[in-house]
Amino acid sequence: MAESYEMSDDEKQEIIEEFLAESDQYLQSLNDCLLKAEELIKGGQTVEKDDINLMFRAAHTIKGTASFIDLTTISHLTHEMETVLDRIRNDQMDFTVEAIDVLFAAFDSLSALLERLKTEGDDQGDVSESLEKIRQILSGEAPAAAEEPVAAEKPAEPAVEEPQEVVPEESEASSESDEELEKYWAAFIEDTQQNIERFDEILLNMEKGDFKPDYLNELFRISHTIKGSSGIVKRRDLEMLSHKMEDILSGMREKEEPPAEHITTLLFKGIDWIKETVNEIQSGKRQERDPGELVQEFEKLLAAEAASPAGASEVSAPADQGQAPAIDINALNSEQAIKLEEARGLKQAVYNLTIAVSEKCPAKSMKAMLAKERLSKEGIIIAMVPEETAIDDSSTAKVSIQFLYSTSESQEGIPAFVSIDEIELVSLDKIDMAEEKPAEPAVAEPKAAAAAPAAAAKPQAAQKPVKKEAAKEKQSKSAPVEVTSMRVDVRKLDNLMNLAGELVITRARFSQLLLELRNEVSSTRQTIDKFREIENSLMGLKMKTAETVSSAEANGGQDRDELKKMIETIGQKFQDTSRQTSTKLITEKIYNMDEATRNLEKLSSDIQNGVMQTRMVPIEGVFSRFKRLVRDIAKEIKKDVKLDIYGEDTELDKKITDELGDPLTHMIRNAVDHGLENTEERKATDKPQQGTVTLGAMHKGNNICIEISDDGKGLDPDKIANKAFEKEIITEDALEQMSDREKMGLIFAPGFSTAEQVTGLSGRGVGMDVVKKMIESLNGTVDIESEMGQGTSFKLKIPLTLAIIQALLVVIDNEVFALPLESVSEIVKVMPDEVYRIEGTATIKLRDHTLSLVELEKVIQIEQKKIGADDERRVVVITDGENQVGICVDELIGEDEIVIKSLPVHFTNVIGISGASILGDGRICLILDVGAIIKEAQ
């Protein structure tokens with residue numbers, strides 16, 4: 001057998017990037033479903049079958065792709081999670097709080113592995129603790145495993161009804177389930193159509209003789225992706241066919257040879273069938289189609305490949321490969337005997353099947369696990385020797401594995417089940433059950449029912465009428481799916497955003513040119529007036545000359561005629577010049593330029609908004625992670641807490657959502673740990689036993705407002721101030737002059753904490769100051785509202801994007817500076833005699849409050865223009881959400897939209913400057929950092 005194709009590093013990296021992106025979605029589904037299941041279980045309700053299936057599919061899909069790219073740790077862990085979920089969905093074990101905890105532990109381990117894969121490029125990690133917990137719960141060793149069973153209250157269903165339940169699950173999904181899946185349809189159609197196009201393109205290239213080994217690898221990956229996506233949207237027909245195509249391609253990859261013509265033709269038929277089905281789904285037809293004939297063609301091809309001379313030589317391999325002895329059907333343990341009875345009850349044939357894992361395989365246990373999974377999908381594994389967990393991956397010899405296996409498939413179709421890279425089928429012998437000792441039937445009845453879904457999962461003629469009828473009903477309720485999204489590389493988006501920024505600069509330059517032209521028009525009008533004065537003078541000269549000439553007629557008329565002609569020529573030239581420079585012509589040109597400028601402004605605004613929209617993502621991705629966070633913290637500190645979320649569909653710049661995770665995590669943690677009282681305290685104050693933390697978002701102008709609130713005890717300003725005084729953060733004099741609002745603001749001081757002792761959650765004096773800095777780095781502000789005994793609310797105001805902002809342009813010392821408009825409260829005029837000093841700081845009185853004036857020459861090292869004793873000053877009042885100061889400016893230019901340009905690395909530490917921009921006249925404009933200026937002023 002030829003060695004399997006090895007992916008290039010670049011190809012593997014590309015697949016890993018796609019895998020990580022897809023895994024994020026599946027992790028989110030797992031997390032949400034587990035949280036929902038835990039809530040239902042604690043409330044004594046039953047977890048919906050659709051949610052269990054969704055969790056199972058998520059684990060299964062992650063496992064499949066991880067196995068494909070040799071991520072053995074991730075594949076092993078998700079396989080065990082899948083096993084737990086499979087037993088739960090088949091009613092072989094109860095869904096309990098203990099099972100939830102075990103799955104959450106595995107979920108955390110999986111998240112850590114994926115994070116390591118993202119940062120380190122591998123999935124090496126210790127998951128033994130999670131695997132041990134799974135082993136315990138599967139074997140019934142977990143403590144109090146049946147304490148909160150979900151299915152305990154539901155009466156057991158008769159075995160004969162079990163197969164009938166499979167039909168609704170596959171094709172007669174409830175309307176509620178359809179609504180939950182509706183959001184996946186557009187993405188499924190879009191992704192699948194792109195994959196179909198690529199599949200067609202590769203097949204055509206190979207058919208023309210352009211063959212590359214990595215083409216087969218890509219075809220296999222596409223088939224695998226379509227299979228996984230089809231499972232998510234519950235399209236069993238597409239999942240079944242793409243699975244068979246995947247099996248064919250798996251064998252082709254081993255040979256590294258162009259596919260034969262009949263194989264290519266069959267693959268074309270398969271992908272065309274998938275294309276037709278996806279087009280029907282897009283048009284609103286959700287009725288499942290029967291791929292039975294095509295599936296049979298693929299199965300015949302698989303059987304023919306397995307029975308080919310090359311395959312036959314492998315099947316009859318010599319025994320020196322370490323072949324294990326056949327499993328004795330009369331020496332089975334009790335669990336194996338039960339499985340054998342299941343097979344007999346389903347009238348399935350039983351086989352002794354032996355496979356060998358190649359000595360070159362670096363992950364023999366994972367290959368064995370994959371073979372086990374493939375076989376279990378199509379039948380019942382009664383016994384396996386050795387188990388995959390007992391296989392030594394470091395072994396340099398072939399590993400032989402023996403299965404006692406039952407299936408309803410024909411013997412010719414079984415080799416396709418183990419058609420896997422680096423696995424050989426050594427032997428396949430059917431057992432004559434009539435000659436074997438019958439197992440005891442006492443336990444067969446209930447287990448047969450549990451195994452029935454596996455058998456019923458295959459298309460059966462008796463079930464087709466039911467499926468069609470259900471599908472028709474569903475089809476009538478389905479609307480066409482409109483694919484409105486596309487994948488865009490974030491680097492392209494960044495480039496597009498830069499182009500939009502340059503367009504805004506060009507627009508500003510255009511406006512400047514228009515202003516200059518208007519000034520030129522005024523000057524031209526003065527020139528025209530001078531032309532008219534000259535023209536009048538010429539008219540007078542003409543009249544005077546005529547009188548002079550008439551008196552000299554006696555001397556002859558020749559000189560007179562020439563003089564008249566000369567004067568008329570000069571007059572005509574002045575008239576032509578005046579007409580060419582007439583106000584009408586210039587005004588028309590200015591109008592056209594003005595119109596073009598307005599079109600440019602509209603175009604640039606539309607491009608800017610369009611680019612911003614492509615970068616916008618729902619904040620739901622950030623918010624949803626906190627459901628689990630609240631659950632874990634509440635469990636750790638033994639509080640009853642619920643998280644209410646609103647506005648999760650609010651969109652903002654992806655760059656900002658990426659930065660919001662850490663500060664919001666700290667604030668949510670504080671709300672649960674510090675903000676909410678414990679159960680006894682809430683009872684004593686007549687509050688509901690369950691505390692509530694609310695997390696919400698909404699648009700407000702060009703900003704997004706995020707609120708994190710709780711119904712806890714609220715902030716005590718005096719306690720905060722006294723704690724700050726103890727930690728020497730403030731002086732006693734400052735403490736006496738502070739308002740309650742200012743005292744609450746002290747929680748943002750570095751090193752401040754009200755925790756009595758250091759725990760894993762709090763008490764180290766590191767937190768809210770960092771939160772504030774992170775929010776300010778996003779040009780945002782934080783505000784606090786609190787009422788003792790009622791709760792606390794933190795309100796964050798963050799710009800929708802960091803690329804283009806509205807700013808107030810001012811002149812200081814002949815240089816133009818920009819102040820973010822969101823940080824400007826007002827502009828006031830002040831006379832010099834209204835300025836007085838308090839402890840050396842220039843101060844003015846603004847509506848019965850004192851306002852400190854910032855001396856910018858001390859902050860950003862510039863000299864401000866000296867103002868005369870009687871000169872009026874312009875003061876711009878700026879705020880960071882808590883404090884206000886005034887900045888004296890020499891001149892106000894006005895509001896404008898500016899493009900933020902990052903400062904070079906060697907300027908990033910300059911205090912008071914956050915960026916730069918280019919104005920319409922080409923000048924450089926520095927953007928003032930309001931937060932830093934206010935901090936320096938204090």
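This report describes the fold, one β-sheet and selected ring contacts of a predicted protein model.

**Overall features**

The protein has 938 residues, of which 47% count as buried. Its secondary structure comprises 29 helices and 22 strands. Among contacts between residues at least 6 apart in sequence, 75% join residues at least 24 apart. The exposed area of the protein is about 48,100 Å², and carbon and sulfur atoms supply 49% of that area.

**A five-stranded sheet and its helices**

One open sheet consists of 5 strands in the order β6-β8-β9-β11-β10, and its pairing is mixed. The edges are formed by β6 (641–646) and β10 (781–787), each of which pairs on one side only. On average, neighbouring strands of this sheet are turned by 15° against each other, direction ignored.

Within the sheet, strand β9 (residues 703–710) and β11 run antiparallel and are joined by 8 bridges. One residue pair can be named here: Ile704 has Ile798 in β11 as its bridge partner.

Two helices that pack on the sheet are set out below.

| Helix | Strands touched | Angle between directions |
|---|---|---|
| α21 (residues 625–637) | β6 and β8 (691–700) | about 165° with β6 |
| α22 (residues 654–675) | β6, β8, β9 and β11 | about 20° with β9 |

Both α21 and α22 therefore touch β6 and β8, as contact means heavy atoms within 4.5 Å. Helix α22 also touches β9 and β11, the two strands joined by 8 bridges.

**Aromatic rings**

Strand β11 also takes part in a ring contact, since Phe794 lies in this strand (residues 791–799). The count of aromatic pairs comes to 1. This pair is formed by Phe748 and Phe794, with 6.5 Å from centre to centre and 85° between the planes. The arrangement is edge-to-face, because planes over 60 degrees apart are classed in that way. Phe748 is located in the loop between α26 (740–744) and α27 (768–777), whereas Phe794 belongs to β11, so the pair ties together parts that are 46 residues apart in sequence. Phe748 and Phe794 are both buried.

A further ring contact involves a charged side chain: Arg89 lies over the face of Phe56, at 3.6 Å from the ring centre.

**Summary**

In the sheet, β11 is placed between β9 and β10 in the strand order. Strand β11 is joined to β9 by 8 bridges, is touched by helix α22, and contains Phe794, whose pairing with Phe748 links the strand to the loop between α26 and α27.

Key
Residues are numbered from 1 along each chain as its sequence is written. This is a predicted model: local features need pLDDT of at least 70, side-chain atom pairs count only at pLDDT 80 or more; totals for chains, interfaces and linings use all residues. Side-chain values use heavy atoms; hydrogens and water are left out. Rings of Phe, Tyr and Trp (its six-membered ring) pair if their centres lie within 6.5 Å; planes under 30 degrees apart count as stacked, over 60 as edge-to-face and the rest as tilted. Helices (H or I, at least four residues) and strands (E, at least two) are DSSP runs, numbered from the N terminus. Buried means under 20% relative accessible area, exposed over 50%, partly exposed in between (1.4 Å probe, protein chains only). A charge sits over a ring if NZ of Lys or CZ of Arg is within 6 Å of the ring centre and within 35 degrees of the ring normal. Accessible areas come from the Shrake-Rupley method with a 1.4 Å probe; for residues, only the protein chains shown count as cover. Two strands pair if DSSP finds at least two bridges between them. Axes are lines fitted to C-alpha atoms, for helices over the stretch in contact, and angles run from 0 to 180 degrees between N-to-C directions.
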